[in-house]
Amino acid sequence: MNMKSTISMGIDLAGVESRPSGICILRDDFTKIFMVYRDEEIISIALSEKPMIIAIDAPLALPKGKTLDSKNCIRECDKALRDIGIRFFPINFGGMRKLTLRGIKLRGRLENMGFKVIETYPGAAQDILGLPRVKKDAKKLQMELIKIFNLKGDIEKKLNYHQLDAVTCAIVGRLYLEGNYLALGDPEEILMILPAPKKT
């Protein structure tokens with residue numbers, strides 16, 4: 001009996017196309033990891049790999065009825081993150097504005113092509129999984145991701161912060177496909193998808 005492969009794509013999106021974005025394709029336990037710049041490169045990889053889910057580290061929606069220039073420009077999923085003690089940058093704060101606009105545009109393009117796209121936050125996912133954040137201990141994070149999720153392929157190479165966060169995003173995508181996830185926020189805005197907390 002042939003079991004269908006689970007394919008998820010994780011994107012650690014940069015705010016502008018002149019800066020690198022990390023990409024991870026997770027096919028079952030095998031990783032392919034890239035660094036790209038332009039939206040067209042991201043879309044090309046998606047069309048080639050045909051992931052079942054694309055998990056992006058970037059704001060992919062605005063608060064209901066608001067713009068980036070609105071006061072209190074905070075979404076329900078951001079409030080939920082704050083309530084569980086996870087820090088984040090507001091979507092209209094500095095460089096987050098450009099990232100938000102790029103994320104919303106990319107989400108729209110990918111969804112128009114038929115892809116399922118979710119928003120995630122690798123720092124929060126790492127916190128929930130009991131892993132160090134990438135900027136705190138990248139080497140330990142990489143080793144733990146390999147060990148916990150039995151990962152193979154490019155994950156075993158030397159990787160940078162963007163790539164490791166993209167791997168984390170791809171893992172969140174896989175957990176979503178498996179139904180092992182936490183969804184925060186208002187579905188009429190967007191849900192923040194994170195790993196389900198471990199049962200105690």
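In the predicted model, serine 21 is buried, its relative accessible area being 0%. This residue belongs to strand E2, which comprises residues 21–27. A polar atom of the serine 21 side chain lies 2.9 Å from the backbone nitrogen of alanine 14. When residues up to four places away in sequence are left aside, the residues touched by serine 21 are Asp12, Leu13 and Ala14, together with Phe34, Met35, Val36 and Arg102, so that alanine 14 appears both in this set of contacts and as the partner of the serine 21 side chain, while the serine itself is fully withdrawn from the probe, with a relative accessible area of 0%.

A second element examined is helix H5, which is formed by the 12 residues 138–149. At 1.5 Å a residue, H5 should span 16 Å, and this agrees with the separation of its end C-alpha atoms, which are 16 Å apart. The buried residues of H5 are Ala138, Leu141, Gln142, Leu145 and Phe149. Because they cover an arc of only 100° around the axis, these residues lie on the same side of H5. Such an arrangement follows the general geometry of an α-helix, in which there are 3.6 residues a turn, so residues three or four places apart point the same way.

The buried residues of H5 pack against two helices, H4 (122–128) and H6 (161–177), whereas the face turned away from the buried side carries Lys139, Met143 and Lys147, which are exposed. H5 is followed by asparagine 150, for which phi is positive, near 55°.

Technical notes: Residues are numbered from 1 along each chain as its sequence is written. This is a predicted model: local features need pLDDT of at least 70, side-chain atom pairs count only at pLDDT 80 or more; totals for chains, interfaces and linings use all residues. Side-chain values use heavy atoms; hydrogens and water are left out. Helices (H or I, at least four residues) and strands (E, at least two) are DSSP runs, numbered from the N terminus. Buried means under 20% relative accessible area, exposed over 50%, partly exposed in between (1.4 Å probe, protein chains only). A polar contact is a pair of N or O atoms within 3.5 Å; within protein, one must be able to donate a hydrogen and the other to accept it, and residues adjacent in sequence count only if both atoms are side-chain atoms. Contact means heavy atoms within 4.5 Å. The expected span of a helix is 1.5 Å times one less than its number of residues. The arc is that of the directions from the helix axis to the C-beta atoms.
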